[in-house]
Amino acid sequence: MFGGGRAPILVLSQNTKRESGRKVQVENINAGKQIADVIRTCLGPQAMLKMLMDPMGGIVMTNDGNAILREITVQHPAAKSMIEIARTQDEEVGDGTTSVIVLAGEMLAAAEQFLEQQMHPTVIIRQYRQALEDIITLLEGPLSVPIDKNDKAALANVVKGCIGTKFISKWSDLAVNIALDAVQTVMLEENGRTEVDIKRYAKVEKVPGGSIEDSQILSGVMLNKDVTHPKMRRYIENPKIILLDCSLEYKKGESQTNVEITSEGDFTKMLELEEEHVRRQCDDIIALKPDIIFTEKGVSDLAQHFLLKAGITAVRRVRKSDNNRIARACGATIVNRTEELQESDIGTGAGLFEIKKMGDEYFCYVTKCKNPKACTILLRGASKDILNETERNLQDALQVARNIVLSPRLVPGGGAIEMAIAQRLLQNATHGPYRALAHALEIIPRTLAQNCGANTIKTLTALRAKHANHTDAETPCTWGIDGESGELVEQKEKGLWEPLAVKLQTYKTAIETAILLLRIDDIVSGSKKKDKEGATPSQMANQEAAGMQE
């Protein structure tokens, strides 16, 4: 930085590192490509698993793009934003996390040749944005087909397509049924809007032991709790359930409380008051003749005694989220004070309450509900790692089922839709970044073929020819790649479809990230002072102490 032939003027402080211009853009593109290379083998049914160790020594084995990137620590800022998009994709639509990273990496790579030709980034960005608009128009128009969301077989096909690329593909029928039942259960339609809240009301309970075939979906709720008193009933049919948010014990002071007692009788009086308070609470409950009470707080021994005498089973310290789930399943209302209890607060929707022992732990089941709006998915498996991976896969399947219910349109899977879009875009453009982006879309079918060990050039050429011969402008060409064998198949016959919502989000996120990273032409990073770097807390404390003595 020179000021008109005079001595250099330093604007940035000495510890600040600044890189600018072409170098930054090339570095960003390389960072994006490297992240995509890590994930590339995780695409498709023949996907490999990655084994990651976190700093605490725990192990994660998965082929879910988002889960892998969450565990990797990266330093480059561009790589960090690539990792962020996998998370966005996961939160928005729950599937397609691997494809979005692979696509974004390829779109950045496609722009590299134009930067070398000294083309300005904004020109590339403008054409990329135009391409994205055209893709959205095509997808929402001729390239997607509607589906009847009440047709269970068609929905099962789509969810199977999602599960096919995962670890649980061997048990796909079981997983598909669980996912569809769960979404059907928690779906609420009111005032013309449809709400499917999987996170809150479809709880996945993982219990090590047994095999994956033993997994099931309960038409009700399961908690990892036992009854408070060993003599209470553990099997009740058609129970009347009360849900409380208050403790059934005498309320103690929050912090230290001092009480001065002058005469001997006062202490007895205090104890009597406490007992009276608990008795009053129990009487309020007993008056309604319930069979079970669930409370989020504690139940004192005295309250247990009263409830036991009345033949009422109590379960204490239930999580708030579990309590909400029970309320949705059996139709009860959570009450904050026992005085306010009334007949209408009792839940009578459950058909069975029982306590079962699995392994060393007791589980409490509230099942056979008449019209449950919440459910529990019980997963069994040989080890914790298998259970965690199964849960991640199942979450993806649930999200896919939810997406179809909310927006019932489909596109052909197995790289067919990417090829169809690329073919349409190539008809619009003859050169430049627009055309390069169309070619970049072919990375999905290419990677699918690569992961099966097929001859990629031969397969892709044949696939291009199939799409070029497809003349009907109103329907998508459904020729794609069979992820198992690497051969060309017509997805319409094979029945491999993907939800439109997932694909739309994938393209939007991938292209917008590529645009964002191409916009960057300067990276300013403030590095720490050299002597402080790598110092342990104790060394730093010693340095400070030495400084104070001076």
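These are my notebook entries on a few residues and surface patches I looked up in this predicted model.

**Entry: R402**

I started with R402, which sits in helix α12, residues 384–406. What is the nearest side chain of opposite charge to R402? I found E92, at 6.8 Å. A salt bridge needs a side-chain nitrogen of Lys or Arg within 4 Å of a carboxyl oxygen, and R402 has no salt bridge even though it is buried. I then listed its contacts, leaving out neighbours within four places in sequence: E92, V183, V196 and I198. So E92 turns up here as a contact of R402 as well, with contact meaning heavy atoms within 4.5 Å.

**Entry: Q505**

E92 came up again when I went to Q505. Q505 belongs to helix α18, which covers residues 500–518. Is Q505 buried or exposed? I have it down as buried, because its relative accessible area is 17% and the cut-off for buried is under 20%. Setting aside residues up to four places away in sequence, Q505 touches Q89, E92 and V93. I noted that E92 is in contact with R402 and also with Q505.

**Entry: H467**

Next I looked up H467, in helix α16, residues 456–468. Its relative accessibility is 3%, so H467 counts as buried. Which residues does H467 contact, beyond its neighbours within four places in sequence? I got A416, M419, A420, Q423, C477 and W479. I picked out Q423 for a second look: it is 44 residues from H467 along the chain, and their C-alpha atoms are separated by 6.9 Å.

**Entry: two patches and helix α9**

I moved on to the surface. Which residues form the negative patch? I wrote down E272, E275, E276 and D283. D283 is in helix α9, residues 264–286. With a relative accessible area of 43%, D283 is partly exposed; that fits the patch, because patch residues need over 30%.

There is a nonpolar surface patch too, made of V259, I261, F267 and L271. Together these four have about 360 Å² of accessible area. F267 is also placed in helix α9. I get 44% relative accessible area for F267, so I call it partly exposed. Helix α9 therefore holds a member of the negative patch, D283, and a member of the nonpolar one, F267, given that helices are taken as DSSP runs.

How values were computed: Residues are numbered from 1 along each chain as its sequence is written. This is a predicted model: local features need pLDDT of at least 70, side-chain atom pairs count only at pLDDT 80 or more; totals for chains, interfaces and linings use all residues. Side-chain values use heavy atoms; hydrogens and water are left out. Helices (H or I, at least four residues) and strands (E, at least two) are DSSP runs, numbered from the N terminus. Buried means under 20% relative accessible area, exposed over 50%, partly exposed in between (1.4 Å probe, protein chains only). Lys and Arg count as positive and Asp and Glu as negative; His and the chain ends are not counted. Patches are made of residues with over 30% relative accessible area and no salt bridge: like charges are joined within 9 Å, nonpolar side chains (Val, Leu, Ile, Met, Phe, Trp, Tyr) within 5 Å. Accessible areas come from the Shrake-Rupley method with a 1.4 Å probe; for residues, only the protein chains shown count as cover. The place of a charge is taken as NZ of Lys, CZ of Arg, CG of Asp or CD of Glu.
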